[in-house]
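Trainee: I have a new model open and don't know where to start. Can you walk me through it?
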Amino acid sequence: MGGEYVLSDSGQEAPRDPWFLQGWKASRMFLIKGSVAGGAVYLVYDQELLGPSDKSQAALQKAGEVVPPAVYQFSQYVCQQTGLQIPQLPAPPKIYFPIRDSWNAGIMTVMSALSVAPSKAREYSKEGWEYVKARTK
Amino acid sequence: MSESELGRKWDRCLADAVVKIGTGFGLGIVFSLTFFKRRMWPLAFGSGMGLGMAYSNCQHDFQAPYLLHGKYVKEQEQ
């Protein structure tokens, strides 16, 4: 116990590691994990991703400009290295659907229908009553 | 507040929400893999924090024109 030799996994005696090597082996994984987590936190802090909304909007816009060319270059590099040919997909169709105009038009249609509903109901019920009266004569 | 300015504020709010929720989710993934043995709660915690921060920013942005900024004026004895 506490001697210069310890039993290894194979059951044979092996010299005990010096104290600094023991400490390094014990804390190596924690240091690696801590470095990765600390780097991620610093990246978020440096890019101000959790800051004001205008900075976040600028970061999103910058990502939208940078990421597609980077993905394209990476795919080209993979094609060159592996010899595979990625088929060129056709451009996606540009769909123009103005949500705001459609919503506003729908709201106006519903409100105008509701506004004329009482008078229309009165008119239709009057016509129906006249029809029933004519049929029962 | 004009409608164009309102639209710009909504755009900014949505972009901010996307970035903050994504950042919280990403940090949650990092911490879940490194320290918390691949549990799910860091992801939920990070996403929730991002959503809360985005909501707070949006709320402040929409209330900004109506917030009155006053200051104390010391009475001067004559």
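Mentor: We'll take the contact between the chains, then chain B by itself. Keep in mind that this is a predicted model.

Trainee: How many residues does each chain bring to the contact?
Mentor: Chain A gives 18 residues, and chain B gives 18 residues.

Trainee: And what area is buried between chain A and chain B?
Mentor: About 1,500 Å². Carbon and sulfur atoms give 75% of that.

Trainee: Which three residues supply the most on chain A's side?
Mentor: A:L50, A:S53 and A:Q57. They supply 32% of the area that chain A buries against chain B.

Trainee: How many salt bridges and polar contacts cross over?
Mentor: The rule finds 0 salt bridges across this interface. It does find 5 residue pairs in polar contact.

Trainee: Which helices of chain A supply at least two residues to that side?
Mentor: α1 (19–46) and α2 (53–82) each do. The largest share, 8 residues, comes from α1(A).

Trainee: What kinds of residues make up chain A's touching side?
Mentor: There are 10 nonpolar, 5 polar and 3 charged residues on it.

Trainee: Switching to chain B. How many helices and strands?
Mentor: Chain B has 2 helices and 0 strands.

Trainee: What percentage of chain B counts as buried?
Mentor: 29% of its 78 residues. The accessible surface of chain B is about 6,100 Å², with 62% belonging to carbon and sulfur atoms.

Trainee: And what about contacts inside chain B, far along the sequence?
Mentor: Take the contacts in chain B with a separation of 6 or more. Residues 24 or more positions apart account for 58% of them.

Key: Residues are numbered from 1 along each chain as its sequence is written. Chains are lettered from A and ligands numbered from 1 in the order in which they are written. This is a predicted model: local features need pLDDT of at least 70, side-chain atom pairs count only at pLDDT 80 or more; totals for chains, interfaces and linings use all residues. Side-chain values use heavy atoms; hydrogens and water are left out. Contact means heavy atoms within 4.5 Å. Buried area is the accessible area (1.4 Å probe) that two parts lose on being put together, summed over both. A salt bridge is a side-chain nitrogen of Lys or Arg within 4 Å of a carboxyl oxygen of Asp or Glu. A polar contact is a pair of N or O atoms within 3.5 Å; within protein, one must be able to donate a hydrogen and the other to accept it, and residues adjacent in sequence count only if both atoms are side-chain atoms. Helices (H or I, at least four residues) and strands (E, at least two) are DSSP runs, numbered from the N terminus. Ala, Val, Leu, Ile, Met, Phe, Trp, Tyr, Cys and Pro count as nonpolar, Asp, Glu, Lys and Arg as charged, and the others, Gly among them, as polar. Buried means under 20% relative accessible area, exposed over 50%, partly exposed in between (1.4 Å probe, protein chains only). Accessible areas come from the Shrake-Rupley method with a 1.4 Å probe; for residues, only the protein chains shown count as cover.
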